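Have a look at the model below and turn it around a little. We'll walk through a pocket, then a sheet, then a pair of helices.

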Amino acid sequence: MTEQTRTLGTASPLTVSSMGLGCMGMSEFYGAPDEAAGLATIHRALDLGITFLDTADMYGPFTNEKLVGRAIAGRRDEVQLATKFGNVRGENGERLGISGAPEYVHSACDASLQRLGVDYIDLYYQHRVDPKVPIEDTVGAMAELVTAGKVRHLGLSEAAAGTIRRAHAVHPITALETEYSLFTRDLEDEILPTLRELGIGLVPYSPLGRGILTGKLTAESVAQEGDARSHPYFPRFQGDALATNLRLVENVEALAAAKGVTPGQIALAWVLAQGEDVVPIPGTKRVAYLEENAAARDIVLTDDEVRALAEAVPQDAVAGPRYGDMGSIDRG
């Protein structure tokens, strides 16, 4: 059995399970919500030692935090709970922009605590950087939450290297959550070296490339009602780009078959092999997929296998940007 915990950050360290669970899809974006299945999946995750749970106020909107809160009732002490603020949405789901205003930081945290039914959040992220508010002001307000005991550790999501440096100078940043997988490796150039220099952990979301690396995704399955991947906002899942990317997945499938594991498992094992400061949070709302993902923690890849997987999906071979509109992604 491999080590089942990892520590994010050095200046403000947080020990979490070596793999987390992304809870977003239980409430929105990947087909119809299924609360019962979501609760069962979270409970099974905790039983398997996957205790690092990731949510955000905007998922649902607002309903995912409530779901997670119900799931962890009576088991709070087992859980490392992460949530996020900054993507502002209305009660009807309308998107109202990005806010890092200090007063909003405080009100958003109070609302999340109430929905989650807890008195503190282990890791509180700014979901997207607000270009209208200096990062120093936003992180300063987040630091006030730590002083007040409402939050234990601070994080950023999709922040550029320069922004990370400025934020970390105000208050230690424990982790950066950003997209990272065999299909998305642009952060290796500048962001990952910055994190390592500053002693900040990495929490990859979509470590399975939004499901494409499982080998189970087809053009037909993406087209189902309620699946956000069918929208042009996700160019990698459209037409010719999807066909190109599915051919890359075949390379991963061949390596997985040689290892005797599933494509999704070997893709997660590759992310886990990137360092002890890396904790992926694959999302699912099904117990069977959770159990499959959890087994990836025990897969040991050789250096040659790690290299072969990277070569199987060259960075410049993936068709399409990860978002159709990259305007909300911080450029520093």
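This is a predicted model, and a good place to start is its second largest pocket, whose lining divides into seven nonpolar, three polar and seven charged residues. In total, 17 residues line this pocket, and its volume comes to about 300 Å³. If you want to find the centre, go to Ala160, Asp186, Ile191, Ile329 and Asp330, the lining residues that lie nearest to it. Helix H5 (161-170) and strand S10 (173-179) are the elements that give two or more residues to the lining.

Strand S10 also takes us to the sheet. Seven strands make it up, in the order S3-S4-S5-S8-S9-S10-S11, and the sheet is open with parallel pairing. At its edges sit strand S3 (20-22) and strand S11 (201-205), each of which pairs on one side only. Going from one strand to the next, the twist averages 25°. For a closer view of one pairing, take strand S8 (residues 121-126) and strand S9 (residues 151-157): they run parallel and are joined by five bridges. Here Leu123 stands opposite His153 in S9.

Now for the helices. Helix H2 (residues 63-72) packs against helix H3 (residues 102-116) with the axes 7 Å apart and at an angle of about 45°, which makes H2 oblique to H3. On the H2 side, the contact is made by Glu65, Lys66, Val68 and Gly69; H3 brings Ser112, Arg115 and Leu116. Sorted by class, the contact between H2 and H3 has three charged, two polar and two nonpolar residues.

How values were computed: Residues are numbered from 1 along each chain as its sequence is written. This is a predicted model: local features need pLDDT of at least 70, side-chain atom pairs count only at pLDDT 80 or more; totals for chains, interfaces and linings use all residues. Side-chain values use heavy atoms; hydrogens and water are left out. Axes are lines fitted to C-alpha atoms, for helices over the stretch in contact, and angles run from 0 to 180 degrees between N-to-C directions. Helices (H or I, at least four residues) and strands (E, at least two) are DSSP runs, numbered from the N terminus. Angles under 35 degrees count as roughly parallel, over 145 as roughly antiparallel, 65 to 115 as roughly perpendicular and the rest as oblique. Contact means heavy atoms within 4.5 Å. Ala, Val, Leu, Ile, Met, Phe, Trp, Tyr, Cys and Pro count as nonpolar, Asp, Glu, Lys and Arg as charged, and the others, Gly among them, as polar. Two strands pair if DSSP finds at least two bridges between them. On a 1 Å grid over the protein atoms alone, a cavity is a set of points where a 1.4 Å probe fits but cannot get out, and a pocket is an open set with protein on both sides within 12 Å along at least five of seven lines; lining residues have an atom within 4 Å of a point. Grid points are joined across faces, edges and corners, and a volume is the space filled by probe spheres set on the points.
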